[in-house]
Amino acid sequence: MRDRFDYDKFAQELTQIKVPQEQLVNARLKSMNRYHSEKRIRQRIWQSLAIVTILIVVLVTSIRVSPALANSLAKIPIFAPIVHMINDDKGVQDIVNNQYYEELGVSQSKNELTFTLQGVIADETGMILPYTLTAPFDIQQLDIKNIHLKLNGEIIPVGLGYGWYHGEETKVIEENFQVTFNEPINYQGAQFELVIQVNDQQQTTFSIPFSVKKPIAKAKVYVVNKELSFEGQHITVKSVSISPLRTGITMALNPHNTMRILGFEDIRMLDERGEAWTTIQNGLTATGTLLDGEATFYLQSNYFREPKQLSLAIGKVVALPVGQDYIEVDFNKNKVLAKPPLAGLAIQVNDQMVTLHAPKHSQDKLSAFLGRAVDAQGTEFYSNGSSHSGPKENQIVQNESYDLKGIVNPVRIYFNYYENYLEGTEIIDLPLN
């Protein structure tokens, strides 16, 4: 039989045990502090994630409404090219908001220069490639001597435009390459390589490999085939194609028009709220030429919107009478053979140079007045150098130089632009359904 347990004696022994009250209190305090500290850390982590998400949206929005913020962020290399894009094209704002922009951060360093391809925006029509070039010395005098894009090791024919820094002393250049495909490419398994040669003393060449991981968004195409009329001159809007990078408006001219349409200074896409997407300010504005009767003009993109209604508005049509849309010159004789009777227009020829004086009215931007040239045997060519001066006393002076090797006089040079507008604005509702 087991001995009976003496609870009274056990309780008395317990009371005689010395308990380290101070250490116990300290341990309890440490436990509570650790609990609250871990709780704060967890809160901070979730708060940080939320703040980063919100910051991206707020950042993109604030860049557009706050020039001061945009200017500050533009000084940070990783942000600068994106800020430039958002400022120039609000379609890029939607691209960033919808996480269609793909970060790359691929760098290569040579001869104390570092080129970084920051990211890529790609669609069926082409790419935007934001980049930075840095050095421990002033690089404001550097420029790009050669650039091309390779696909799976082969150079592909693309339109390639780029911005470059020309200003005060700088050690960082941040800009974007604009790539336009001549025809659609297959992105599946595509390995790209951007090759850039800089005109420094060493002729430094960077080869930047990259691939596009994000799925390529398919363009939204609307067949329109609607004829518009401006002072009796007929233009057919054939189709509208909306991709993430740009909206393409394909237009054809009636061959029986008595005026040659040179271009459009007011093309915009409007939704049901009246918000407008206008022509691209810094990048590709058109492909093809209206001189051939058909061209595609590019607007900012509203691809990531779901408008209930979408309209295309076209106005400020630039045109000259057929037969008065060119000048004819003889470079051998330094003589102007024919020019249209436009008020204030003066033409001079000096060896390989054509100098044009034209009045400046309301237009703020400088446009190239002269475009395609055709010699006596039908050979087509273009200016190989251009310069502008003015406006001075409401006059613009434009110089165009030509490589005349193999050219047979006389030469006819067609106007690419002249400030002469047809009246009216036409609006088309797109068939969204």
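I started with V237 and looked up its contacts in this predicted model. Leaving aside residues up to four places away in sequence, V237 touches V224, N225, K226, L228, I249, T250, M251, L312, I314 and I428.

Next I checked the core around it. The largest nonpolar core has 39 residues, and V237 is one of those touching the most other members, along with M251, I261, F264, M269, L312 and I314. Which elements supply at least two residues each to this core? I noted helix 5 (90-97), strand 10 (220-230), strand 11 (233-242), strand 12 (247-253), strand 13 (259-271), strand 16 (294-299), strand 17 and strand 27. There is also a second, separate core of 32 residues, with A122, I147, L149 and F181 among them.

Then I followed L312 into the sheets. L312 stands opposite I428 in strand 27. Strand 17 (residues 310-321) and strand 27 run antiparallel, joined by seven bridges. Both belong to an open sheet of four strands, ordered 14-13-17-27 with antiparallel pairing. Why is one side of strand 14 (276-277) and of strand 27 (421-429) left without a neighbour in the sheet? Each stands at an edge and has a single partner strand, so nothing pairs on the other side.

Last, I looked at another open sheet, this one of five strands. I read its order as 19-18-26-22-23, again with antiparallel pairing. Strand 19 (335-338) and strand 23 (380-381) are at the edges with a single partner strand each, so one side of each lacks a neighbour in the sheet. Further in, three bridges pair strand 22 (residues 370-374) with strand 26 (residues 411-415) in the antiparallel sense. Here I found A373 opposite I413 in strand 26.

Technical notes
Residues are numbered from 1 along each chain as its sequence is written. This is a predicted model: local features need pLDDT of at least 70, side-chain atom pairs count only at pLDDT 80 or more; totals for chains, interfaces and linings use all residues. Side-chain values use heavy atoms; hydrogens and water are left out. Two strands pair if DSSP finds at least two bridges between them. A nonpolar core is a set of buried Ala, Val, Leu, Ile, Met, Phe, Trp, Tyr and Cys residues joined through side-chain atoms within 4.5 Å. Buried means under 20% relative accessible area, exposed over 50%, partly exposed in between (1.4 Å probe, protein chains only). Contact means heavy atoms within 4.5 Å.
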